[in-house]
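Student: I'd like to go through this model and ask how each label gets earned. Can we set values against cut-offs as we go?

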Amino acid sequence: MKTIVFDDDPTGSQTVCNCPLLLNWEKSNLEKAISSNSLVFILANTRSLTAELAGNRITQICQSLKLVLTRNSISLDDIFIVSRGDSTLRGHAFLEPEIINQELGPFDATFHIPAFFEGGRKTINSIHYLDDIPMHKTIFAKDSTFGYSTSFLPDWIAEKSKGLINPDEIISITIDQLNKARESDSGMINFIEELSRLRFNQKVIVDAESSIDLDTLCNAIKLLKGKKRFLFRSAASLINSLTNIRTNHNHIKDYSSLIIKYKDKKPKPGLILIGSYIPLANNQLETLLKTDYFMEVELPVKKIFGILNNKNSEDSLFILEDKLINKILDIIELKKTPILYTSRGELTFKSDSSRMKFAISLAESMARITSHLFDRIGYIISKGGITTNTLLTNGLKIEYVILKGQIMPGLSLVCPPQTFQYPPIPIITFPGNLGDKSTLFKAWKIMQSFS
């Protein structure tokens with residue numbers, strides 16, 4: 001079985017390795033990737049879009065995928081489709097799998113599985129937790145675009161469906177059911193019989209406390225190949241169980257050859273980008289700036305907002321970006337690590353669409369700045385989904401990257417292909433919601449230890 005993942009931001013490949021992350025869904029790009037890989041990620045990046053635009057994008061990807069599969073005589077019955085979403089419950093969690101069902105279905109069930117063990121996210125009795133705290137009590141539930149009021153997943157799905165789904169009609173698979181299926185042949189037979197009764201795109205919540213729970217689920221699902229078609233809306237941990245591809249456990253020193261070096265073989269310095277503005281990102285930034293290893297370069301959000309609302313915005317923005325590029329080059333000369341970050345806090349916008357449009361404009365500015373530095377830096381740590389997606393697509397201007405593995409749990413390293421016009425610079429794709437206040441500093445220390 002092949003597995004194709006529609007990833008709603010660039011971080012969903014954070015538990016696997018040695019597979020491509022497609023940055024577009026051109027048919028030739030899809031065809032090449034699917035023909036030579038058992039696991040393919042398609043970076044839909046829908047979390048940065050309004051519901052309407054996200055729906056249009058998922059539809060486009062589905063239609064391109066159908067044509068490629070048909071052309072290569074690959075049946076949809078031989079493909080697992082995963083709509084990868086955020087383990088902190090943000091994103092178009094109901095909309096995206098519904099459109100996939102319309103375009104690539106019909107499916108017998110959609111499994112909602114937000115557990116992400118590497119980040120401390122578990123689901124118990126249909127309640128989703130972050131480090132034993134119900135998710136609706138965390139800062140992520142207050143997200144200005146994707147906020148929610150409950151951690152009880154049947155109610156959460158109903159809320160995200162805007163009343164289209166009745167929570168009483170949602171089925172839950174419990175830890176007890178999974179334990180019984182794992183512990184005896186009769187338990188597995190009973191569990192498979194339960195799954196075989198699912199139909200008409202039944203919504204299903206799956207409890208999961210560890211990878212063995214998802215392994216049990218996937219073992220049963222694979223035994224129903226050709227008999228039932230299932231769709232998954234999940235975080236990253238499920239993908240391991242579906243594919244039997246696990247995190248790359250190579251020693252971190254094995255990545256040392258990936259850092260770009262000068263002619264004298266000394267490693268070039270890194271660059272840290274921070275576009276994420278959530279409190280955790282702020283705390284991680286503060287931790288960096290308390291040391292002497294870094295120097296900051298602030299992208300002034302209010303100033304850029306003003307520039308973009310003037311008629312001569314392009315010239316003014318390029319002038320600002322040139323100044324910031326020169327600041328970064330000066331920091332590199334001082335043998336410090338530059339941190340390019342957006343000024344902290346959120347502006348107020350009239351609509352989600354205007355907020356997202358401006359966020360993308362900020363990310364595009366960071367990507368343009370970074371693109372002028374590729375010949376001067378040895379690696380990049382990019383924090384934030386929109387920031388990272390825009391860097392990969394607009395900054396690198398390539399069709400795909402190769403996932404090399406994880407330098408820390410949930411923290412992936414990707415590289416452009418050898419056809420990239422510069423040496424294939426390694427990029428750490430750092431989720432906004434990952435770790436504690438010291439995790440970003442630890443990631444930097446790992447990269448610096450390569451030298």
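Tutor: Sure, let's begin with the surface: the chain exposes about 19,200 Å², and carbon and sulfur atoms supply 50% of that. Keep in mind that this is a predicted model.

Student: What is the chain built from, in helices and strands?

Tutor: The chain has 14 helices and 18 strands.

Student: And what makes the chain as compact as a globular protein of its length?

Tutor: Set the two numbers side by side: the radius of gyration is 22 Å, and the globule rule gives 22 Å for 451 residues, so the chain is as compact as a globular protein of that length. Along the principal axes, the C-alpha atoms fill a box of roughly 65 × 50 × 45 Å. Of the 451 residues, 59% count as buried.

Student: How many of the contacts join residues far apart in sequence, at least 24 places?

Tutor: Taking contacts between residues at least 6 apart in sequence, 75% join residues at least 24 apart.

Student: Where do the charges sit on average, positive against negative?

Tutor: There are 53 positive and 48 negative charges, and their mean positions are 5 Å apart.

Student: On to the rings. How many aromatic pairs are there?

Tutor: The count comes to eleven aromatic pairs. One of them is Phe 80 with Phe 232: the ring centres are 6.1 Å apart, inside the 6.5 Å limit for a pair.

Student: Why is that pair of Phe 80 and Phe 232 called edge-to-face?

Tutor: The planes of Phe 80 and Phe 232 meet at 75 degrees, and anything over 60 counts as edge-to-face, so the label follows.

Student: What makes this pair a tie between separate parts of the sequence?

Tutor: Phe 80 lies in strand E4 (residues 79-84) and Phe 232 in strand E11 (residues 230-234), so the pair ties together parts that are 152 residues apart in sequence.

Student: How do you know whether Phe 80 and Phe 232 are buried or exposed?

Tutor: The cut-off for buried is under 20% relative accessible area. Phe 80 comes in at 8%, so Phe 80 counts as buried. Phe 232 is at 0%, so Phe 232 is buried too.

Student: Which label fits the pair of Phe 111 and Phe 232, stacked or edge-to-face?

Tutor: Stacked: the angle between the planes of Phe 111 and Phe 232 is 20 degrees, against a cut-off of under 30. Centre to centre, the rings are 5.6 Å apart. This pair also links distant parts of the chain, with Phe 111 in strand E5 (residues 109-113) and Phe 232 in strand E11, 121 residues apart. Phe 111 has 0% relative accessibility, so Phe 111 counts as buried.

Student: Which residues make up the aromatic cluster here?

Tutor: Phe 80, Phe 111, Phe 230 and Phe 232 form one aromatic cluster.

Student: Let's leave the rings. Why is Thr 387 called buried?

Tutor: Its relative accessible area is 7%, and that is under 20%, so Thr 387 qualifies as buried. Thr 387 lies in helix H13 (residues 385-395). Leaving aside neighbours within four places in sequence, Thr 387 is in contact with residues including Leu 273, Gly 275, Ala 363 and Met 366.

Student: What makes Cys 19 buried?

Tutor: The relative accessible area of Cys 19 is 3%, again under 20%, so Cys 19 gets the buried label. Cys 19 sits in strand E2 (residues 19-22). Not counting residues up to four places away, Cys 19 touches Leu 39, Phe 41, Val 401, Ile 402 and Leu 403.

Student: Any backbone oddities? What is the peptide bond from Gly 105 to Pro 106, cis or trans?

Tutor: That bond is cis, with omega near 10 degrees. Pro 106 lies in the loop between helix H3 (95-104) and E5.

Student: What are the phi values of Asp 131 and Asp 132?

Tutor: Phi of Asp 131 is near 50 degrees, a positive value in a residue other than glycine. For Asp 132, phi is near 70 degrees, also positive and also in a non-glycine residue. Asp 131 is in the loop between strand E7 (127-130) and strand E8 (133-134), and Asp 132 lies in the loop between E7 and E8 as well.

Student: And why are Asp 131 and Asp 132 called exposed?

Tutor: Exposed means over 50% relative accessible area. Asp 131 has 53%, so Asp 131 is exposed. Asp 132 has 68%, so Asp 132 counts as exposed too.

Notes:
Residues are numbered from 1 along each chain as its sequence is written. This is a predicted model: local features need pLDDT of at least 70, side-chain atom pairs count only at pLDDT 80 or more; totals for chains, interfaces and linings use all residues. Side-chain values use heavy atoms; hydrogens and water are left out. Helices (H or I, at least four residues) and strands (E, at least two) are DSSP runs, numbered from the N terminus. The radius of gyration is taken over C-alpha atoms; the globule rule is 2.2 Å times the number of residues to the power 0.38. Buried means under 20% relative accessible area, exposed over 50%, partly exposed in between (1.4 Å probe, protein chains only). Contact means heavy atoms within 4.5 Å. Accessible areas come from the Shrake-Rupley method with a 1.4 Å probe; for residues, only the protein chains shown count as cover. Lys and Arg count as positive and Asp and Glu as negative; His and the chain ends are not counted. The place of a charge is taken as NZ of Lys, CZ of Arg, CG of Asp or CD of Glu. Rings of Phe, Tyr and Trp (its six-membered ring) pair if their centres lie within 6.5 Å; planes under 30 degrees apart count as stacked, over 60 as edge-to-face and the rest as tilted.
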